[in-house]
Amino acid sequence: MSSTEVRTQRLETGTSLIPTLPGSYYTDPEIFEREKNRIFQRNWFAAARSTDLPEPGSFRAVDVGGESVLIVRGRDRKLRAFLNVCRHRGARLCMADSGSVRRSLQCPYHAWTYGLDGSLIAAPNLSSMNDVNRDEYGLVGVALREWLGAVWVCLAEEPPSFTDTVQAAVTARLGDAGMIEEWGIDELVVGRRITYDVKANWKLIVENFMECYHCATIHPELTEVLPEFAEGYAAQYFVGHGAEFGEEIEGFTVDGRPGFDRIDGVDDEHDRRYYAITINPQVFINLVPDHVIFHRMYPKAADRTVIECDWLYTKDVVDSGADLSKSVELFHRVNQQDFDACERCQPAMSSKAYVDGGVLVPSEHHIGEFRDWVVRALAD
């Protein structure tokens, strides 16, 4: 039994306080390296939004657990993913984070050229090398799924069941496998995207998002809209619970004024409520009646995480040129407040005072499930 398991067992027996991970889990580069291999490369990872690749030849390169993954829309309009590595001498095919090519991907080093389906189609003097099987030297493929308008990739040779991991996480939180379909997320349009570069470990950000013990302290705008959050229990503490808007609140906006018309599929039961979902290891989904907020985390180092946050609306709202600022501003402030708090915690993770970690109060106990998931993943 590891020291973490011993401490967990000791603290969780007949007490209100249960332990966090030890401080080293948030600072140790060696632990982060294990996470890249055993968490980010073995699980489904939301890499982009499908609409980020609108036309054949559109590509996006994304860091997934230390591997550069190239997502490409083919001439058949299907999305495919490959390792961003030329099979000749290992040069990176695409240095840009995103862009577009006409018909092929060409290595800038020796001009090995690949079709948008990853097949090797040309190389200098290739026709004179009759013993080379082109099928064996195509780009290395990566598993890909599209769901909720997102592109999910997995580097594992045998990816885990998408249904039993990603979709099951949504069902476990909402208590209903079909409920999320009410928002029609795959048909929504990006109204605003903000990228945050946070000087904190990715797990601190997940833990922060999952709880609301801090809400009364640092989120005045959010607790004005969702008064129950001031009591310290996050929506994610419960199964199927949506935090209710305050009586005088008309919309999920920074000043509580009306937002936009409710998304057509959202029924009365889910109107005037906020739902939050965590999908391990790097996705947060926030559902409100008139829009969806979708976070994708890209862990870069033990103490740095880039977060891409999309505010999604119906096409009619975005095409109308409506002012989204009041709608966007509410959760933008929440993000800034949360990320500032995580950055405040990060330096202390290496303190002698935090060698054994901290504790979780009862309203944070559900974070223990995430803690245990991390420990199990690193032990495999």
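**Glutamate 364, a small sheet and helix α4**

Modeller: In this predicted model, glutamate 364 is in contact with Glu211, Tyr213 and Val359, once neighbours within four places in sequence are left aside.

Biologist: What makes these three residues count as contacts of glutamate 364?

Modeller: Contact means heavy atoms within 4.5 Å, and Glu211, Tyr213 and Val359 pass that test with glutamate 364.

Biologist: Where does glutamate 364 lie?

Modeller: You'll find glutamate 364 in the loop between β18 (359-360) and α9 (367-379).

Biologist: How do you know that glutamate 364 has no salt bridge?

Modeller: Look at arginine 371, the nearest side chain of opposite charge: it is 11 Å away. A salt bridge has to be within 4 Å, so buried glutamate 364 goes without one.

Biologist: On to the sheet. What makes β7 (104-106) and β9 (120-122) edge strands?

Modeller: The open sheet runs in the order β7-β8-β9, with antiparallel pairing. β7 and β9 each pair on one side only, and that makes them the edges.

Biologist: And how do you know that β7 and β8 pair?

Modeller: Pairing takes at least two bridges. β7 and β8 (residues 113-115) have three, in the antiparallel sense, so they qualify. As an example, glutamine 106 has threonine 113 in β8 as its bridge partner.

Biologist: Last one: why is helix α4 (residues 202-210) called largely enclosed?

Modeller: Buried means under 20% relative accessible area. Nine of the nine residues in α4 are buried, so the rest of the structure largely encloses this helix. Among them are Trp202, Lys203 and Phe209.

Technical notes: Residues are numbered from 1 along each chain as its sequence is written. This is a predicted model: local features need pLDDT of at least 70, side-chain atom pairs count only at pLDDT 80 or more; totals for chains, interfaces and linings use all residues. Side-chain values use heavy atoms; hydrogens and water are left out. Helices (H or I, at least four residues) and strands (E, at least two) are DSSP runs, numbered from the N terminus. Buried means under 20% relative accessible area, exposed over 50%, partly exposed in between (1.4 Å probe, protein chains only). Lys and Arg count as positive and Asp and Glu as negative; His and the chain ends are not counted.
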